[in-house]
Amino acid sequence: MNAKSSLRRHLDPNQEDRARAIRDALRDAIVDRRLAPGTKLSEAEVGTLFDVSRTVVRDALQMLAFEGLVRTERNRGAFVSNPSTEEARQVFASRRLIESGIITAAAERITPDEIAAFREHLKEEARYRAERGASARRAEIKASGDFHLMLAKVAGNQVLEKFMGELVARSSLVIALYGRTGISSCGHDEHDEILNALERSDVAEATRLMLHHIDHIEADLDLSVAETRTLKDALEL
C-alpha cells in the first residue's frame with residue numbers, strides 16, 4: 001500500500017486537502033529558509049495555527065517525512081531535518097548525476113517558447129538579486145531552485161522531475177544550515193550561460209556548465225547555522 005492509500009484510510013477528502021495545504025505551507029517555509037533545520041514542529045502548535053486536528057497535522061508531517069524534509073523521533077515529535085555534512089555532500093553528488101541527465105534530455109526537447117519563458121524567469125532572478133532584505137534573499141533562492149525544476153520539466157521525465165523537486169528542497173535545507181549569509185546560492189550568470197548552451201544545442205557545454213554550477217553552489221557552503229525563528233513567525237501567520 002502506498003503513502004497516499006494509507007492516508008486515505010483515515011482522512012476524508014476535506015481532511016486530506018487540509019493536510020496537503022499544511023504540508024505545502026510548511027514545505028514552503030522550510031525551502032524558503034524561514035524554518036531553520038532542527039526546528040521542532042509541534043503538532044499542537046501547528047494544529048492551533050491552522051485550526052485543524054492533530055490527526056490532520058500528523059499526516060501533513062508524515063508527507064514531509066516522506067520527502068526527507070522532516071524527521072520524526074519517538075516520544076519527541078517532529079523536527080525540520082538537520083542534514084549532516086556527509087548528507088550535504090550526498091545531496092550535491094546526487095544532483096550532479098541527475099542534472100547531467102536532465103540537461104541531455106532537455107536539450108533534445110526544449111522549444112523556442114520555452115527558451116523565452118526561461119529568459120523571463122532569469123529576469124525575475126536578476127530583479128531579486130538587485131533587491132535587499134531577507135524576503136528578497138528567500139525569493140532569489142526559490143527562483144534559483146525553480147530554474148532547475150523548470151529544466152526537469154522540459155526534460156519530460158516525471159520521475160526525474162519528482163527527484164529534482166526533492167533534491168532542490170533538500171539543497172535548500174543544506175544552504176539554510178551551511179550557506180554563507182548574503183551570498184547567492186547560484187552564480188549571477190551561470191543560469192544564463194547554461195541556457196545559452198541549450199539554445200545552441202551544445203549538450204557537452206551545457207553539461208559542463210551545469211556541473212561547474214553545482215560545484216559553485218557546494219563551494220559556497222560553510223558551517224554557519226541559520227537563525228532560529230518561531231513556528232508562527234516562519235509561517236507568517
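At 12% relative accessibility, Val31 counts as buried in the predicted model considered here, and this residue is found in helix H2. When the neighbours of Val31 within four places in sequence are left aside, the residues in contact with Val31 are Ala169 and Ser172. A further spatial relation links Val31 to Ile141, since the two are 110 residues apart in sequence and yet have C-alpha atoms 8.7 Å apart in space. Helix H2, which covers residues 13–31, also contains Asp17. In contrast to the buried Val31, Asp17 counts as exposed, because its relative accessibility is 52% and the cut-off for exposed residues is set at over 50%. The C-alpha atom of Asp17 is separated by 9.8 Å from that of Ala60, a residue 43 positions away along the chain.

With regard to the chain as a whole, eleven helices and three strands are assigned, and their order along the sequence follows the pattern α-α-β-α-α-β-β-α-α-α-α-α-α-α. Of the 237 residues of the chain, 47% count as buried. Among the contacts between residues at least 6 apart in sequence, 79% join residues that are at least 24 apart.

Helix H3, formed by residues 43–50, has Val46, Gly47 and Phe50 as buried residues. These three cover an arc of only 100 degrees around the helix axis, and they are therefore placed on the same side of H3. The axis of H3 comes within 9 Å of the axis of helix H4, which spans residues 54–66, and the two axes cross at roughly 110 degrees. Because angles of 65 to 115 degrees count as roughly perpendicular, H3 is described as roughly perpendicular to H4. In the contact between the two helices, Glu43, Ala44, Val46 and Gly47 are contributed by H3, and Arg54, Val57, Arg58 and Leu61 by H4. By residue class, this contact of H3 with H4 is made up of four nonpolar residues, one polar residue and three charged residues. Val46 and Gly47 thus appear both among the buried residues of H3 and among the residues of H3 that meet H4.

The loop between H3 and H4 is the place of Asp51, a residue that comes just after H3 and takes a positive phi of about 55 degrees. This positive value occurs in a residue other than glycine. Asp51 counts as exposed, because its relative accessibility is 70% and exposed residues are those over 50%. A second residue other than glycine with a positive phi is Asn75, for which the angle is near 70 degrees. Asn75 is placed in the loop between strand S2, residues 70–73, and strand S3, residues 77–80, and with a relative accessible area of 79% Asn75 is likewise exposed.

His121 is found in helix H6, which consists of residues 112–130, and it counts as buried because its relative accessibility is 8%, whereas the cut-off for burial is under 20%. The side chain of His121 reaches the backbone oxygen of Ala143 at a distance of 2.7 Å. Apart from neighbours within four places in sequence, the residues in contact with His121 are Ala143 itself, together with Asp146, Phe147 and Met150.

Helix H7, residues 134–155, includes Ser135, which at 51% relative accessibility counts as exposed. The C-alpha atoms of Ser135 and Arg34 are separated by 9.4 Å, although the two residues are 101 positions apart along the chain.

Further along the sequence, Asp222 is found in the loop between helix H10, residues 203–219, and helix H11, residues 231–234. The relative accessibility of Asp222 is 24%, so this residue counts as partly exposed. With neighbours within four places in sequence left aside, Asp222 is in contact with Tyr178, Gly179 and Arg180. Asp222 and Leu177 are 45 residues apart in sequence, and the distance between their C-alpha atoms is 8.4 Å.

Note on methods. Residues are numbered from 1 along each chain as its sequence is written. This is a predicted model: local features need pLDDT of at least 70, side-chain atom pairs count only at pLDDT 80 or more; totals for chains, interfaces and linings use all residues. Side-chain values use heavy atoms; hydrogens and water are left out. Buried means under 20% relative accessible area, exposed over 50%, partly exposed in between (1.4 Å probe, protein chains only). Helices (H or I, at least four residues) and strands (E, at least two) are DSSP runs, numbered from the N terminus. The arc is that of the directions from the helix axis to the C-beta atoms. A polar contact is a pair of N or O atoms within 3.5 Å; within protein, one must be able to donate a hydrogen and the other to accept it, and residues adjacent in sequence count only if both atoms are side-chain atoms. Contact means heavy atoms within 4.5 Å. Axes are lines fitted to C-alpha atoms, for helices over the stretch in contact, and angles run from 0 to 180 degrees between N-to-C directions. Angles under 35 degrees count as roughly parallel, over 145 as roughly antiparallel, 65 to 115 as roughly perpendicular and the rest as oblique. Ala, Val, Leu, Ile, Met, Phe, Trp, Tyr, Cys and Pro count as nonpolar, Asp, Glu, Lys and Arg as charged, and the others, Gly among them, as polar.
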